Amino acid sequence: MDRIKVIGGSRLEGTIPISGAKNATLPLMIASLLTSGTLTLENVPQLADVVQLGRILGNHGVDLAIAGKRPGQSDGHSQTFRLTAHEIVDTLAPYEMVSRMRASFWVLGPLVARMGEAKVSLPGGCAIGTRPVDLHLDALRALGAEIELEGGYVIANAPSGLTGGRITFPKVSVGATHNALMAATLAKGETIIENAAREPEVGDVAECLVKMGARIEGIGTSTLNIQGVDELKGAVHSVLPDRIETGTYAMAVAATGGDVMLDNARADLLEAALDVLREAGVEITVTNSGIRVSRNGAGLKPINVETQPFPGFPTDLQAQLMALMTIADGTSNIRETIFENRFMHVQELARLGAEIDLDGDLARVSGVRKLHGAQVMATDLRASVSLVIAGLVAEGETVINRVYHLDRGFERIEEKLGRCGAQIERLSS
Ligand code: UD1
């Protein structure tokens with residue numbers, strides 16, 4: 001299993017190109033199940049999760065052509081995917097596949113919508129809490145699907161197709177919104193989704209669905225109104241920039257007291273996180289081509305933050321912010337309100353010398369003068385990148401084990417950081 005070695009102490013300086021968003025790419029790829037036409041996706045990042053989802057969709061009958069190069073070939077640029085599901089050859093999504101990536105559960109809605117049936121394994125993915133799927137199932141029931149659970153599988157049936165309905169989510173769920181929205185595009189009549197997730201990736205998918213012929217109003221708001229259509233067609237769509245990657249590198253730059261231009265980043269996708277960084281004393285300059293982040297000599301002020309659904313501070317940046325606050329001048333309070341078990345990075349950060357007290361959903365982070373390199377373990381996607389940030393400022397050598405978590409969501413991280421002066425290297429085994 002690959003490991004990443006970081007020698008701390010270098011200031012990051014230069015330019016980092018921001019890739020297309022993983023969390024938009026995955027549901028966009030899944031949207032190809034809704035049409036026999038070709039869905040062309042541009043700005044697709046090269047990530048393990050994207051490759052894995054390509055395989056899963058292949059099982060259902062989606063033909064994936066990667067423009068200009070072969071799968072797995074890396075040339076450092078974003079890819080263009082052409083996804084065509086002329087025919088759905090299988091409505092079964094087996095355990096071996098879905099257990100490796102939670103987002104693949106989202107094939108459920110599109111498959112039932114197009115085929116009237118689907119059998120999808122209950123999901124896996126990052127171990128950050130229990131992560132149930134009740135909201136997904138209730139949403140599909142509201143559209144007339146009959147749902148049964150059997151042997152770890154969800155079996156959904158709607159022999160005469162889905163019908164529009166009113167879905168009121170008791171809690172904001174990104175995945176359940178994706179599932180419901182995609183299913184509703186092909187349901188008969190009107191669907192109203194209330195308390196829909198407003199994450200930019202949901203909006204990106206909705207805009208792509210509109211290009212495919214879907215009728216959706218309220219994009220970007222918490223109420224989506226969908227008028228079902230008989231069929232969708234192919235379209236061309238460019239994936240929006242990754243706000244989590246943007247925020248991650250912004251925090252890495254802030255931690256090292258560096259000065260970096262985040263090319264292609266869009267500030268409107270992460271205002272809450274940028275505000276927190278400004279509050280901590282980091283300089284943020286928004287330009288036409290991206291976001292410049294710098295901290296030249298100034299200390300880091302502690303902050304109080306609570307994770308919230310968009311437009312609040314994202315849970316996917318909580319671990320990275322915590323890594324940054326381990327070296328702030330004082331005590332920060334970071335509350336995790338989205339997932340109940342998303343503090344697995346705390347004990348690993350402690351191995352590097354961080355002082356963090358956990359009290360339920362609250363982490364109290366007392367800034368220390370220095371972190372010290374150590375061997376640490378990546379436990380989930382965002383937690384692992386928080387260890388990279390900590391390693392960049394820790395004295396000496398930090399080795400991060402189990403980096404496959406990182407490869408799921410961060411494109412060429414060692415290359416992007418290395419070009420800005422980080423001493424970082426992948427140790428293949
Ligand atoms: C997505 C993101 C993930 C991010 C999360 C929250 C992708 C591929 N993943 O995950 O990176 O951390 O949004 O922004 O886009 N819940 C239920 N019942 C359900 C579904 C969810 O109780 O049926 C709960 C979850 O346990 C969690 C909360 O709702 O506490 C939010 O989860 P959700 O927004 O659904 O996360 P994902 O879509 O899995």
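Which residues is Thr191 in contact with, leaving aside its neighbours within four places in sequence? The tour comes to that residue at its third stop. The model on screen is predicted.

**Stop 1: the two domains**

Start with the whole chain and colour it by domain. Domain 1 is made of two stretches, 3–18 and 241–427, and domain 2 runs over 22–238. The C-alpha centres of domain 1 and domain 2 lie 30 Å apart. Where the domains meet, domain 1 contributes 21 residues to the contact and domain 2 contributes 20 residues.

**Stop 2: the ligand and its shell**

Select the ligand next, and show the residues around it. There are 19 residues in this shell, and those that come nearest are Asp134, Leu135, Ser173, Asp316 and Ile338. With the domain colours still on, look at where the shell comes from: domain 1 and domain 2 each supply at least three residues. Recoloured by residue type, the shell divides into eight nonpolar, five polar and six charged residues.

Now pick out single atom pairs. On Ser173, a polar side-chain atom lies 2.6 Å from an oxygen atom of the ligand. On Arg102, a polar side-chain atom is found 2.9 Å from an oxygen atom of the ligand. With Ile338, use the backbone instead: one of its polar backbone atoms is 2.5 Å from an oxygen atom of the ligand. On its own the ligand has 750 Å² of accessible area, and the protein covers 91% of it.

Which elements give two or more residues to the shell around the ligand? They are α5 (134–142) and α6 (174–185). Of the elements, α5 gives the most, with three residues.

Stay with α5 and select its buried residues, which are Leu135, His136, Leu137, Ala139 and Leu140. Leu135 is also among the residues that come nearest to the ligand. The cover over the buried residues of α5 includes α4 (108–115), β8 (146–150), β9 (153–157), β10 (166–168) and α6. Following α5 along the chain brings you to Gly144, which has a positive phi, near 95°.

**Stop 3: strand β11, from Thr191 to Asn195**

Select Thr191, which has its place in strand β11. Thr191 counts as buried because its relative accessibility is 0%. Apart from neighbours within four places in sequence, Thr191 is in contact with Leu143, Gly164, Gly165, Ile167, Ala184, Leu224, Asn225 and Ile226. For Gly165, look at the backbone nitrogen, which the side chain of Thr191 reaches at 3.4 Å.

Move along the strand to Glu194, which lies in β11 (residues 190–194). Is Glu194 buried or partly exposed? Glu194 is partly exposed, because its relative accessible area is 24%. Not counting residues up to four places away in sequence, Glu194 touches Arg166, Ile167, Thr168, Phe169, Ser222 and Thr223. One of these, Thr168, is joined to Glu194 by a polar contact of 2.8 Å between the side chains. For a longer view, draw a distance from Glu194 to Thr25: these residues are 169 residues apart along the chain, and their C-alpha atoms are separated by 24 Å.

The next selection is Asn195, in the loop between β11 and α7 (200–211). Asn195 is not a glycine, yet its phi is positive, about 60°. With a relative accessibility of 29%, Asn195 counts as partly exposed.

**Stop 4: Asn264**

Another residue to select for its backbone is Asn264, in the loop between β15 (259–263) and α9 (271–279). Asn264 has a positive phi of about 70° although it is not a glycine. At 45% relative accessibility, Asn264 counts as partly exposed.

**Stop 5: the cis peptide and helix α10**

Go to the peptide bond from Phe310 to Pro311, which is cis, with omega near 10°. Pro311 lies in the loop between β18 (304–306) and α10.

Finish by selecting helix α10 (residues 318–325). How many of its residues are buried? Eight of its eight residues are buried, and the helix is mostly covered. To show them, select Gln318, Ala319, Gln320, Leu321, Met322, Ala323, Leu324 and Met325.

Technical notes
Residues numbered from 1 in each chain as written. Predicted model: local features only at pLDDT ≥ 70, side-chain atom pairs only at ≥ 80, totals over all residues. Heavy atoms only, no water. Near = heavy atom within 4 Å. Polar contact = N/O pair within 3.5 Å; in protein donor to acceptor, adjacent residues only side chain to side chain. Areas by Shrake-Rupley, 256 points an atom, 1.4 Å probe, with all protein chains shown as cover. Helix = DSSP H or I, 4+ residues; strand = E, 2+ residues; numbered from the N terminus. Nonpolar A, V, L, I, M, F, W, Y, C, P; charged D, E, K, R; others polar. Domains from an automatic or database assignment. Buried < 20%, exposed > 50% of the residue type's maximum accessible area, 1.4 Å probe, protein only. Contact = heavy atoms within 4.5 Å.
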